[in-house]
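Colleague: Could you take me slowly through one part of this model, a helix together with the stretch of chain that comes before it? I would like to know what it packs against and what its neighbours touch.

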Amino acid sequence: MDMQEAADRADSILYDTMSHITPEVMWAHGISTDLTCSVSRRASVTTVISAERRGSFLGVVEHYWKTAGFTHRGSNNSKTTPATYFRTPDDFQVRVLFSKQGQAQFEVTTPCVDKSAVAPPKQREGAPAYDGSQPPAPSEHSDFWSASTPVPGTTSR
């Protein structure tokens, strides 16, 4: 596998993860980096996820990653910057964390692969064109994810 193929796989992991989050969230690509033999792809959720719903959001992501056969590597249960870390069966490192500003940020880092040129992520239908800069801050409202109450029947992290 070369770096472009690995980047495509990382993008696929991001797309698959986002498609399994319900209710749906809006998101944008983040900065992509390619190092000596690996690539990191990032995505930031632009839907506002309230502090009361962040634990549920992480639970949805964790559930999908476990179902997909990913191995849990650890969690950060911080009230301000919660995060969870996983590894795929083909050794891609994946994580989602909440920044201090409350934005859910995903990162997929590839294993070391053959050196090659790497194109930026492909534009998604209906999403703003990716220009390599920081994605916009959360501004999209969701009746579910932006609610200021915990999900009924759950406890927050």
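Modeller: What follows is a close look at one helix and at two residues that precede it. Please keep in mind that this is a predicted model. Helix α2 covers residues 54-67, which makes 14 residues, and the distance from its first C-alpha to its last is 20 Å, close to the 20 Å expected at 1.5 Å a residue. Its buried residues are R54, G55, S56, F57, L58, V61, E62, Y64 and W65. As a general point, an α-helix has 3.6 residues a turn, so residues three or four places apart point the same way. The buried residues of α2 pack against a helix, α1 (3-19), and against the strands β3 (39-45), β4 (71-76), β5 (83-87), β6 (93-98) and β7 (104-109). Just after α2, G69 takes a positive phi of about 90°.

Turning to the chain before the helix, V45 belongs to strand β3, and V45 counts as buried because its relative accessible area is 0%, where the cut-off is under 20%. Leaving aside residues up to four places away in sequence, V45 touches F57 of the helix, and its other contacts include M18, V25, F106 and P138. The C-alpha atoms of V45 and Q105 are 6.4 Å apart, although 60 residues separate the two along the chain.

T46 sits in the loop between β3 and α2, and T46 is also buried, because its relative accessibility is 9%. With residues up to four places away in sequence again left out, T46 touches M26, W27, A28, Q103, P136, A137, P138, S139 and E140.

Technical notes: Residues numbered from 1 in each chain as written. Predicted model: local features only at pLDDT ≥ 70, side-chain atom pairs only at ≥ 80, totals over all residues. Heavy atoms only, no water. Helix = DSSP H or I, 4+ residues; strand = E, 2+ residues; numbered from the N terminus. Expected span 1.5 Å × (residues − 1). Buried < 20%, exposed > 50% of the residue type's maximum accessible area, 1.4 Å probe, protein only. Contact = heavy atoms within 4.5 Å.
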